[in-house]
Each structure stands twice: as structure tokens, then as C-alpha cells.
Amino acid sequence: MGVDLRDDWPAALRDSGFDPTRPTAWSAEGLLAYLPPDAQDRLFDNITALSASGSRVGTGYVPDIRDRIEKRGREVSERWRRLGLNLNWADLIYAGQRNDVVAYLTERGWQATARSTPELYADNGFEFPDSPSMVAFGDIRYVSAALL
């Protein structure tokens with residue numbers, strides 16, 4: 001089932017048999033930067049409303065997406081052009097002021113933690129590569145949260 005997040009996706013889930021009384025696992029990986037700040041908040045508000053105690057959510061975000069666009073936007077767009085994709089990455093990202101994901105979820109009853117990419121590498125016994133292609137992942141924060 002495909003649903004546009006601008007539509008009433010919670011109703012579509014319930015209409016398809018979703019049971020909000022059972023714990024649920026949610027994933028919003030690679031999504032938040034492509035949502036306006038208010039839509040990010042609505043997404044987590046809806047997830048919270050649809051979640052029973054014991055539900056989990058995982059997502060990734062960049063704390064200062066505006067800085068990332070300034071530092072990496074041109075490079076990403078140029079790489080895409082070399083591959084035949086004529087898009088400006090910065091045109092796809094919403095750079096407005098956002099709520100911090102961990103704080104936002106915590107205020108809504110989730111127990112949330114965030115880890116950076118280098119921290120995740122270290123936690124699993126690996127050294128974070130310093131190659132130019134991996135530098136882009138260094139400022140991403142990966143959030144894991146459980147609803148109490």
C-alpha cells in the first residue's frame with residue numbers, strides 16, 4: 001500500500017487493518033531532510049498517536065541540515081550530474097529550523113538516544129573510514145527510541 005505523507009496516512013493504515021493497540025516498529029530512515037520542519041513534527045505526532053507502549057522508532061537526521069547543504073550541496077549535485085541526473089540536491093531539502101528529534105520524541109514519552117556514524121562504527125569494533133565519500137555520513141545522527 002502506498003500512501004503520500006501529505007494525505008491522511010494514519011486513517012489509511014487503520015482502514016487497512018493496522019492495530020494501534022499492539023506495539024509497532026517504525027522506520028523513517030533517509031526521510032526527515034525531505035520533509036518541511038512542521039511535517040517532521042506531524043510525522044512523529046502521528047507515529048506517537050498510533051503507537052502502543054513498547055513500540056519502537058528508528059530514524060536518521062542531520063542536526064544542522066543548512067550547514068550540510070552549504071558544505072556538501074554543490075558536491076552532491078555535481079556527482080549526480082556526472083551520473084546523468086540533472087538535479088540540485090539543495091532544491092530537494094527543507095532547510096528550515098527544526099525540532100531536535102531526540103528532544104521531540106522524549107517530550108512525547110519516548111526513551112530516545114542518538115548515535116553518530118563514527119560512534120556506531122566504534123560500537124561495532126570498526127574504525128570509521130576517513131575517505132571523502134564517508135565524510136558525508138559523519139554528521140548523521142541515528143535515533144533509536146522506545147515508547148514507554
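1. Which residue takes a positive phi just after helix 3? In this predicted model, that residue is Gly 84, whose phi is about 95°. The points below set this detail beside the rest of the chain, beginning with its general layout.

2. The protein chain holds six helices and four strands, and read from the N terminus its elements follow the order α-β-α-β-α-α-β-α-α-β. Taken along the principal axes, the box filled by the C-alpha atoms is roughly 45 × 35 × 25 Å. The chain has 148 residues, of which 34% count as buried, and it exposes about 9000 Å², with carbon and sulfur atoms supplying 51% of that area. Where contacts join residues at least 6 apart in sequence, 74% of them link residues at least 24 apart.

3. The largest nonpolar core comprises 21 residues, and Phe 44, Ile 47, Val 57 and Leu 105 are those with the most contacts inside it. At least two residues of this core come from each of strand 1 (25-28), helix 2 (37-49), strand 2 (56-61), helix 4 (101-107), strand 3 (110-116) and strand 4 (141-147). A second core, separate from this one, has eight residues, among them Ala 33, Ile 65, Ile 69 and Trp 89. As a general background to both, nonpolar side chains in soluble globular proteins tend to be buried together.

4. Helix 2 deserves a paragraph of its own. With 13 residues at 1.5 Å a residue, helix 2 should span 18 Å, and the 19 Å between its end C-alpha atoms agrees with that expectation. Its buried residues are Ala 39, Gln 40, Asp 41, Leu 43, Phe 44, Ile 47 and Thr 48, and what covers them includes helix 1 (9-15), strand 1, strand 2, helix 4 and strand 3. Once residues up to four places away in sequence are set aside, Ile 47 touches Trp 9, Trp 26, Val 57 and Trp 110.

5. Is Thr 59, a residue of strand 2, buried or exposed? Thr 59 is buried, because its relative accessible area is 2%, whereas the cut-off for burial is under 20%. A polar atom of the Thr 59 side chain lies 2.8 Å from the backbone oxygen of Ala 28. Neighbours within four places in sequence aside, Thr 59 is in contact with Ala 28, Glu 29, Leu 32, Phe 44, Val 101, Arg 141, Tyr 142 and Val 143.

6. Helix 3 combines an expected end-to-end distance with a marked local bend. The 18 residues of helix 3 (residues 65-82) should span 26 Å at 1.5 Å a residue, and the separation of 24 Å between its end C-alpha atoms agrees. There is nevertheless a kink of about 55° in helix 3, centred on Arg 72. Arg 72 is also one of the buried residues of this helix, which are Ile 65, Arg 68, Ile 69, Arg 72, Gly 73, Val 76 and Ser 77; helix 6 (132-135) is included in what covers them. Two residues of this buried set, Ile 65 and Ile 69, are among those of the second core.

7. Asn 88 is found in the loop between helix 3 and helix 4, and counts as partly exposed because its relative accessibility is 30%. Its contacts, leaving aside neighbours within four places in sequence, are with Ser 77 and Arg 81. With the side chain of Ser 77, the side chain of Asn 88 makes a polar contact of 3.2 Å, and Ser 77 is itself a buried residue of helix 3. By C-alpha position, Asn 88 and Ala 25 are 33 Å apart in space, with their places 63 residues apart in sequence.

8. Two further residues are partly exposed. Asp 123 belongs to helix 5 (residues 117-123), has a relative accessible area of 48%, and makes a side-chain polar contact with the side chain of Arg 115 at 2.6 Å. Val 135, in helix 6, likewise has a relative accessible area of 48% and is therefore partly exposed. Val 135 and Ile 47 are 88 residues apart along the chain, and their C-alpha atoms are separated by 31 Å.

Definitions and conventions. Residues are numbered from 1 along each chain as its sequence is written. This is a predicted model: local features need pLDDT of at least 70, side-chain atom pairs count only at pLDDT 80 or more; totals for chains, interfaces and linings use all residues. Side-chain values use heavy atoms; hydrogens and water are left out. A nonpolar core is a set of buried Ala, Val, Leu, Ile, Met, Phe, Trp, Tyr and Cys residues joined through side-chain atoms within 4.5 Å. Buried means under 20% relative accessible area, exposed over 50%, partly exposed in between (1.4 Å probe, protein chains only). Contact means heavy atoms within 4.5 Å. A polar contact is a pair of N or O atoms within 3.5 Å; within protein, one must be able to donate a hydrogen and the other to accept it, and residues adjacent in sequence count only if both atoms are side-chain atoms. The expected span of a helix is 1.5 Å times one less than its number of residues. The bend at a residue is the angle between axes fitted to the seven residues ending there and the seven starting there. Accessible areas come from the Shrake-Rupley method with a 1.4 Å probe; for residues, only the protein chains shown count as cover.
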